[in-house]
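Reading a structure for the first time is easier with someone to talk it through. The dialogue below takes a few features in turn, with the general idea placed before the case.

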Amino acid sequence: RFNGSVANGSYTGPVPLPAGKGMAWRPEATADLVKNFMETYASFKDVGGYASAATILGFKDVIGPRMGIDDKTYITNAMPILNKIMVAEAMARAPGDAAGLAQWSQKAAGGLYLAFGGKPADLAPGGTVDQAKMGLAKACLQGVGSAGPQIAQMATQPADKRNDLAYGWMRGAVESDLENSRLLAVS
């Protein structure tokens, strides 16, 4: 006879399998849908880091209501992935020296700003930069400085191989971040 709850350990009978167990394949989470869309239509390997990052952020207004999460929660969960995408972008295209990487990072912030919907005129002398978009662009570049040694090492590779190598690194680097996003509770 059962007296209590499964959680307190008094029940020793059969219990249902956790979600995804006993199925031919793991059920897709919302994070998988975003990843699969990005890989199909805006793959880093094909379009680079700016378009990949903009695609992920472009899903915010669709995914938020679907999952019952606010913009801050979406961006908080997406940011580690966006950081790694931009590290991979630096591995693929930035110079290997510290001064060149710093200069590349400034240009990359502008490139992300435009990818996120900013106007080229905003970046011109006398233009007014949208601080929210620029702040988001700079936040996406946070991992680039600390990845300097990896970027410098990648810069020694032949130019025609850097993009593929950076893409391979990024796919492995984001796996734990994707797993965390898969576990994000839907309300």
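What follows is a conversation between a learner and a teacher about this predicted model.

Q: How many ångströms should helix H10 span at 1.5 Å a residue, and what do its end C-alpha atoms show?

A: Helix H10 covers residues 159-173, and at 1.5 Å a residue its 15 residues should span 21 Å; the C-alpha atoms at its two ends are 21 Å apart, which agrees.

Q: Which residues of H10 are buried, and where do they fall when the helix is seen down its axis?

A: The general idea is that an α-helix has 3.6 residues a turn, so residues three or four places apart point the same way. In H10 the buried residues are Arg-162, Asn-163, Ala-166, Tyr-167, Met-170 and Ala-173. Seen down the axis of H10, these buried residues fall within an arc of 135 degrees, so they line one face of the helix. The face turned away from that buried side carries the exposed residues Asp-160 and Gly-172.

Q: What covers the buried residues of H10?

A: The cover includes helix H1 (30-41), helix H2 (44-58), helix H4 (71-93), helix H9 (148-155) and helix H11 (175-182).

Q: How many aromatic pairs are there, and which way do the rings of Phe-37 and Phe-59 meet?

A: The count comes to 3 aromatic pairs. Phe-37 and Phe-59 form an edge-to-face pair, with 5.0 Å from centre to centre and 80 degrees between the planes. This pair links distant parts of the chain, since Phe-37 sits in helix H1 and Phe-59 in the loop between H2 and helix H3 (60-67), 22 residues apart. Phe-37 is partly exposed, with a relative accessible area of 35%, whereas Phe-59 counts as buried at 17% relative accessibility. The rings of Phe-44 and Tyr-167, by contrast, have their planes at 0 degrees and their centres 6.5 Å apart, so that pair is stacked. Phe-44 lies in helix H2 and Tyr-167 in helix H10, so the pair ties together parts that are 123 residues apart in sequence. Both Phe-44 and Tyr-167 are buried. Ring pairs also link Phe-37, Tyr-41 and Phe-59 into a cluster.

Q: Is Ser-52 buried or exposed, and what does its side chain reach?

A: Ser-52, which lies in helix H2, counts as buried because its relative accessibility is 0%. Its side chain reaches the backbone nitrogen of Phe-44 at 3.2 Å. Leaving out residues up to four places away in sequence, Ser-52 touches Met-38, Ala-42, Ser-43, Phe-44, Val-47 and Ile-85. One of these, Ser-43, is found in the loop between H1 and H2 and is buried, with a relative accessible area of 4%. With the same sequence neighbours set aside, Ser-43 touches Met-38, Gly-48, Ser-52 and Tyr-167.

Q: Which residues touch the most other members of the largest nonpolar core?

A: In soluble globular proteins, nonpolar side chains tend to be buried together. Here the largest nonpolar core has 45 residues, and those touching the most other members are Ile-56, Met-86, Trp-104 and Val-144. The elements giving two or more residues to this core are H1, H2, H3, H4, helix H5 (98-115), helix H7 (131-140), H9 and H10, and the largest share, 12 residues, comes from H4. Met-86, leaving aside its neighbours within four places in sequence, is in contact with Gly-49, Tyr-50, Trp-104, Ala-108, Leu-112, Cys-140, Leu-141 and Val-144.

Conventions
Residues numbered from 1 in each chain as written. Predicted model: local features only at pLDDT ≥ 70, side-chain atom pairs only at ≥ 80, totals over all residues. Heavy atoms only, no water. Helix = DSSP H or I, 4+ residues; strand = E, 2+ residues; numbered from the N terminus. Expected span 1.5 Å × (residues − 1). Buried < 20%, exposed > 50% of the residue type's maximum accessible area, 1.4 Å probe, protein only. Arc of directions from axis to C-beta. Contact = heavy atoms within 4.5 Å. Polar contact = N/O pair within 3.5 Å; in protein donor to acceptor, adjacent residues only side chain to side chain. Phe/Tyr/Trp six-rings, centres within 6.5 Å; stacked < 30°, edge-to-face > 60°. Core = buried A, V, L, I, M, F, W, Y, C linked by side-chain atoms within 4.5 Å.
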